[in-house]
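User: Please take a close look at one strand and its pairings. From there, work outward to other strands, a helix and the charged side chains.

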Amino acid sequence: MSHAPTPMMAQYLALKDQAGDCLLFYRMGDFFELFFDDARTAAQVLDIALTSRGEHQGTPIPMCGVPVHSAEGYLARLIRAGCRVAIAEQVESPEEAKKRGGSKALVARDIVRFVTAGTLTEEALLNPRESNVLVAVCPLRDRVGIAACDISTGRVELEECAVDGLGAALARLAPRETVCPEEWPSAPLEAVGRPAHGFDSAGGEARLKEIHGVATLDGFGQFGRAMLAAAGGLIAYLDHVGRGRLPLLLPPVARGGDAHMAMDEATRASLEVLVSSTGTRKGSLAEAVDRCVTGAGARLLAEDLSAPLLDLFAIRQRLELVQWLCEDPLLRGDLRGVLRAVPDLGRALGRVVAGRGSPRDLGQLRDGLAEARRLHDSLAARGALPALAQALLPRLTGHGALVDLYARALVPSPPTERGQGGFIAEGYDASLDTLRAAAGNSRRAIAALEAKYRDETGVAALKIRHNGVLGYFIEVPARHADRLMQPDSGFTHRQTMAGAVRFNALALHEEASRIAEAGGHALVAEEAHFEDLIARAIDAREAIAATAAALARLDVGASHAERAAEGGWSLPRVVDEPVLAIAGGRHPVVEAALARAGERFVANDCRLSDADRLWLVGGPNMGGKSTFLRQNALIVLLAQAGSYVPAEAATVGLVDRLFSRVGASDNLARGRSTFMVEMVETAAILQQAGPRSFVILDEVGRGTSTYDGLALAWAVAEAVHETNRCRCLFATHYHEMQRLAETCPALSLHHVRAREWKGDLVLLHELAEGPADKSYGLAVARLAGVPDAVVKRARAVLDKLEKGRAATGGLAAGLGDLPLFAAAIEAAEDKVDALREKLNGLDIDSLSPRAALDLLYELKREANA
C-alpha cells in the first residue's frame, strides 16, 4: 500500500533533492527543522534530542530542530564537524500563501543559501584571527590553476603551478574548503567536486570583467588560462552557494610563483609555522610571534609567515617600518592604542556586500573609517616616515563624506537586528521623526486611557497590555471582570485566562491602529534608509578594503616591533648572497616555553658561506640538534617575512626554497611508513634544492638497517655538497660520516656538547666545532628511565660490538677509498656509454655462434670491471 507524502513533506523532499549532500535546515515558524538522515546526523553532532513526526512510507519520520534565533551557534558546530548546510526559508507570508492558494495553501519555501566552511561571513562563525580561505583548483594541460578567496574580506588571488607543486601551494593557502572539477583523478583529498563546465577560462574571464565592470583585466595583472579557469570555477561555486548573490569580490591579484619563498607541506608541518604538531595554534611559530591587537592584523601576519618574500626591496621596506616602531615606544603604544579600538572593517564590509549586513556593521564601518582618519592625521603630523608608512598613509583617508553620512544617519550603538528598527538617528529624517512622535504620542495616549479606565471602572488593578497575537488589550483580575462584562460598559470580552479576563474597547482599538500604522511606516522608512546606506558602502567597497588592508599592515609592523622589544630580538640584515651568519640564535617557541618554566635558552651561532655551506652536526639525542636546526630555519623565515629575529645579530642571504626534513611519522592515509615518508621528503629536497636554498636534515636513514641508513645518509650528504650546493645543516648520529670532511671541502664538523659527571649525563645544549667524541646513547637511555638492568646489558653488548669494529675497521671501513659523489656518477655513466658504443658497432648477423659467445664473455668482464 503506497503512502502519498503530505504537501509539507513533498515540499521538504523537493528541497532536499536540491540540497544534495548538505543538511537541510527547513524553516517552520521559529525553528529550523531537520528530517530523516539529516536529523540523525545533526542530533549526534549537536547532542540534541531526536524525535519523530508523522510517517513517511509507513515509518515514523526522524526529526530534530534548532531555534532560528540561536541557529548560528548550531551552524558553527556543524561546520566544524565537517558538515555542509542548506538553509530553506519561507519566501512568502502566510497571508500571501492564502491569497495564492486558499486557506490551506502551504507557505512557499526555497533554499536561500548554502553554508559551507569556505563561504562563511557571519561574525559568530569565524575566528577573528584566522583567514577563512576558499580555493578552486583546475588542471589545464601540464599546469594547475588556483583561485583563492577569503569572502569574509573579498581578497582574491590567482596563481598557477606545476601539477607536483599543488600540494605545496595548498599547504601555504591552508584552505577551509577546496573545490575542483568532478572526476579529476588527481583531485586533492576532501575536495568538493563541481560540474566541469564551470571551470572554463573564457567564462572565468568574462565573469571577472562583468563583476568589476571592465573591458579588460590587464589593469589587474596578467592572468594565464589556468588561473582564469580556476576563477571561473570559484565564481560558479559562489554563485551556487549564494543562490545567485555573489559575496564581496575585490579585483583579483596575480600571484607569481617566484615572489615568495617556496616551502612544501612537510617543511611547514616540521617547522610548525601556523599550527603545532598537536594541530592547534598553541605552540606554533604564529602564536609565539603574534602581538597584533586586531583580528585583521593577526590574519595578515599568518599570511606573511606562510609566504615569506623574495623581493629584497619589499623585505627591507617591511623591516624599516618595524625598526621605526621599535625605536619609538611612545609612538608604538599610541598606534596600538588606536588600532585596538578599530573594528574589523574588512569583515564588516564583507557581510554588507554579501547581503548579510546589519546596522551594527554600518556602525563598525563608520567607527573604523573615523579611527583610520585619526591615525592618518597623527602620522602625517610626524614628518619623516618610513617608505612603507608613507605609502600606506593615503589609504587611511578619503572617506570623510561616508563617515559624516553614517554619523548623522545612525544611532551611536546600532543594533545587530534591523527588523525592530530604532537604528536611524533622530534628526536625520524629519518625516521619520514625525512617525516616531505619532507612535510615541499614541503610547502616551494609551497610558492616559489606562488611567481613565481605572477611574471609570474603579478597578485599580486594570492594565493595558500588548502581545503579538491580540495586539493591545485591557486585562483585569477575574474577580473584577463582571463590572466590564455589563452590556453598557463599553468593553468587549476577548479572552478568559486563569485568574484574569481580557477586553477590548473602541478608543483603545483606534489608538492601537494609529500606533501600528505609525510604527509600520517608521519601519518601512528605516528599511529604505538602510538600503541606501548599504548601497553607499558597496559603492566605496574597494577604497574601504584598501583602508582595512593598510590598518592591518600597520598592526603587523607594530606587532613585530612589540615582540622584538619584549624578547630582545634584533634587526636582520637581508642580502642577496649565499650566506647565513647568525650570532646567538634562539628558537622563538622553545625559548618562550622555557621562559614560562623559569629556565634559560642556550643561544648558538651559525655561520654558513659558499666555502662552508654544509654543517654536519653530531652529538647525543636530546642534546639540542633538532632545535638548533629548526631555529635557524625559523630565523630565515622570519627575516624574509619582514620581522626582527631572535638572535644577537643575523645576516640572512635570500633563500628561494626552504626545506626541513626533521622528524617524520607514519602517513597511514597514504599507506606510507615512517621511513617511506622520510625518503619521499628527502627525494623532494634532492630534486628541488638549488644554490639559493636552505635545507635542514635530521637523522637521514635512521628508519632502516644500520648499513642501509649509513649508506643513504652518506650519499645524501655528498649529493647536497656536490650537486645541490645549497646551505645545509645535517644532523646525524652516524659517527662514521665525520670522514666526509676529508673529501668535501665545503663541509665542516660540529657537535652539541655533553658531559658525563659521576655517571650522569649533562646536556649542555651548546654547539661546538669539531666531531662528536661519542654518542652517549646509553646515558640518554638511562636519563629517559630505561631500567638499569637493560642499560647494563646494552653496555655489555656495546663493548662486544666495539671490539669487533676495532678488529674489522668498523662500518666505515673502505669508505675513504670511494670516489666522490659526482665522480662516481660520471664513472658509472662512462662505463655504460662504452658498452653502449661497443654494442651499437656490432653487426650481429655476421657473427658466428662461437664469436658471439666470446663477445658475450668479453662484455660481461667489462661490465664487472
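Analyst: Two strands are treated as paired if DSSP finds at least two bridges between them. The model is predicted, and what follows is computed from it.

By that rule, β25 pairs with β21: four bridges join strand β21 (residues 614–618) to β25, and the two run parallel. Within this pairing, leucine 616 lies opposite phenylalanine 730 of β25. β25 is also paired with strand β24 (residues 694–698), in the parallel sense and over five bridges. There, valine 695 has cysteine 728 of β25 as its bridge partner.

Strand β25 itself covers residues 727–731 and is mostly covered, with five of its five residues buried. In a regular strand the side chains alternate between the two faces of the sheet. On one side of β25 are Arg727, Leu729 and Ala731, on the other Cys728 and Phe730, and both faces are covered. Phenylalanine 730, which faces leucine 616 across the pairing with β21, and cysteine 728, which partners valine 695 of β24, therefore belong to one and the same side, and that side is buried.

Ahead of β25 in sequence comes helix α24 (residues 706–724), which has 19 residues. From its first C-alpha to its last it reaches 25 Å, close to the 27 Å expected at 1.5 Å a residue. An α-helix has 3.6 residues a turn, so residues three or four places apart point the same way. The buried residues of α24 include Leu710, Ala713, Ala717 and Val720, and polar or charged ones are also among them, including Glu718, His721 and Asn724. Just after the helix, arginine 725 takes a positive phi of about 55°.

A second set of strands forms an open sheet of six, in the order β11-β10-β7-β8-β9-β12 and with mixed pairing. β11 (192–194) and β12 (253–254) stand at the edges with a single partner strand each, so one side of each has no neighbour in the sheet. β7 (residues 134–140) is joined to β10 (residues 177–181) by three bridges, and these two strands run parallel. Valine 135 is placed opposite threonine 178 of β10. With strand β8 (residues 143–150), β7 shares seven bridges and runs antiparallel. Here cysteine 138 lies opposite glycine 145 of β8. β7 and β8 make a hairpin with two residues between them, and arginine 141 in that turn has a positive phi of about 55°. Five of the seven residues of β7 are buried, so the strand is largely enclosed by the rest of the structure.

Next, the charged side chains. Arginine 109 is found in strand β6 (residues 109–115). The residue is buried but has no salt bridge, and the nearest side chain of opposite charge, glutamate 89, is 7.8 Å away. A salt bridge needs a side-chain nitrogen of Lys or Arg within 4 Å of a carboxyl oxygen of Asp or Glu. Arginine 109 does have polar partners: its side chain makes a polar contact of 3.2 Å with the side chain of tyrosine 26, and it reaches the backbone oxygen of arginine 27 at 2.6 Å. Among the residues that arginine 109 touches are Gln11, Leu15, Met28 and Val91.

Other charged residues do pair, and a search of the whole structure finds 47 salt bridges. In one of them, glutamate 122 and arginine 113 have their closest N and O atoms 2.3 Å apart. Glutamate 122 is buried, with a relative accessible area of 10%, and arginine 113 is buried at 11%.

Arginine 129 forms a salt bridge with aspartate 290, with the closest N and O atoms 3.0 Å apart. This pair links distant parts of the chain: arginine 129 is in the loop between β6 and β7, aspartate 290 is in the loop between α9 (285–289) and α10 (295–306), and the two are 161 residues apart. Arginine 129 counts as partly exposed at 28% relative accessibility, whereas aspartate 290 is buried at 9%.

Glutamate 681 and arginine 661 also meet in a salt bridge, at 3.4 Å from N to O. Glutamate 681 lies in helix α23 (residues 674–688) and arginine 661 in strand β23 (residues 657–661), so the pair ties together parts 20 residues apart in sequence. Glutamate 681 is buried with a relative accessible area of 18%, and arginine 661 is buried at 0%. Finally, salt bridges that share partners join Glu123, Arg351, Arg360 and Asp361 into one network.

How values were computed: Residues are numbered from 1 along each chain as its sequence is written. This is a predicted model: local features need pLDDT of at least 70, side-chain atom pairs count only at pLDDT 80 or more; totals for chains, interfaces and linings use all residues. Side-chain values use heavy atoms; hydrogens and water are left out. Buried means under 20% relative accessible area, exposed over 50%, partly exposed in between (1.4 Å probe, protein chains only). Lys and Arg count as positive and Asp and Glu as negative; His and the chain ends are not counted. A polar contact is a pair of N or O atoms within 3.5 Å; within protein, one must be able to donate a hydrogen and the other to accept it, and residues adjacent in sequence count only if both atoms are side-chain atoms. Contact means heavy atoms within 4.5 Å. The expected span of a helix is 1.5 Å times one less than its number of residues.
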